[in-house]
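Welcome to this structure! Here are a few notes to read alongside the sequence and the 3D view, in an order that should help you find your way around.

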Amino acid sequence: MNYYIRENFHSPIEGPYNADEIKFQIGIGRATLDWLATGDLREPRGQIERSPKRDWVPIRSIHDLSGRLTSEAMVQAEYRDSDPGKSGGCFRAAAITFAIIISFLVILLGVIYAGCHGQRIN
């Protein structure tokens with residue numbers, strides 16, 4: 001099946017595209033999984049432009065499209081759609097926190113072990 005796509009309700013309508021063409025558009029960053037899509041029912045272009053908002057759904061929610069989009073394309077699209085500065089910062093903060101906790105536990109276990117065996121820690 002072919003689909004028309006658009007970024008939002010105020011943007012121009014593009015297409016119709018088949019699933020592979022939409023996958024390509026997402027892969028190159030030209031579209032995202034949040035873009036809206038509606039099926040091509042061979043209606044005149046004017047009728048597509050006047051179609052109600054309920055006929056347009058995010059690409060990610062169309063089974064025919066999401067089933068054909070490879071997981072790699074989905075991951076690339078999700079990564080591109082996320083805020084890299086924010087997600088990178090959160091990951092970095094979590095990694096540093098994890099390293100501090102592990103270091104603290106290693107020191108604590110060393111102290112406990114030394115205390116149980118009557119050893120003095122320098």
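Which residues have the most contacts inside the largest nonpolar core? Please keep this in mind while reading; point 3 comes back to it.

1. **What you are looking at.** This is a predicted model. The protein has 122 residues, and 25% of them count as buried. Its accessible surface comes to about 8,500 Å², with 60% of that belonging to carbon and sulfur atoms.

2. **The order of elements.** You can count 5 helices and 4 strands in the protein. Starting at the N terminus, they follow the pattern β-β-α-β-α-β-α-α-α. If you look at contacts with a separation of 6 or more, 62% of them are between residues 24 or more positions apart.

3. **The largest core.** Back to the opening question: Ile5, Ile22, Ile26, Ile59 and Leu65 have the most contacts inside the largest nonpolar core, which has 13 residues. Both β1 (3-6) and α1 (19-27) supply at least two residues each to this core. The most comes from α1, which gives 3 residues.

4. **A closer look at Leu65.** This residue is a good place to zoom in. Leaving aside residues up to four places away in sequence, Leu65 touches Tyr3, Ala19, Ile22 and Ile59. Two of these names, Ile22 and Ile59, also appear with Leu65 among the residues with the most contacts inside the largest core.

5. **A second core.** There is also a separate core of 5 residues, with Tyr4, Leu36, Ile48 and Trp56 among them. Trp56 is worth remembering for point 7.

6. **The sheet.** How are the strands ordered in the sheet? The 4 strands form an open sheet in the order β2-β1-β3-β4, and their pairing is antiparallel. At the edges are β2 (14-17) and β4 (57-58), each of which pairs on one side only. Between β1 and β2, which run antiparallel, there are 2 bridges. To find your place here, look for Tyr3, which stands opposite Tyr17 in β2.

7. **Rings and charges.** How many aromatic pairs does the structure hold? The count is 0. Aromatic rings do have charged residues over them, though: Arg6 lies over the face of Trp56, 4.7 Å from the ring centre. Likewise, Lys53 lies over the face of Phe9, at 4.9 Å from the ring centre. In the case of Trp56, the residue covered by Arg6 is also part of the second core.

Technical notes. Residues numbered from 1 in each chain as written. Predicted model: local features only at pLDDT ≥ 70, side-chain atom pairs only at ≥ 80, totals over all residues. Heavy atoms only, no water. Buried < 20%, exposed > 50% of the residue type's maximum accessible area, 1.4 Å probe, protein only. Contact = heavy atoms within 4.5 Å. Areas by Shrake-Rupley, 256 points an atom, 1.4 Å probe, with all protein chains shown as cover. Core = buried A, V, L, I, M, F, W, Y, C linked by side-chain atoms within 4.5 Å. Phe/Tyr/Trp six-rings, centres within 6.5 Å; stacked < 30°, edge-to-face > 60°. Lys NZ or Arg CZ within 6 Å of the ring centre and 35° of its normal. Pairing = 2+ DSSP bridges.
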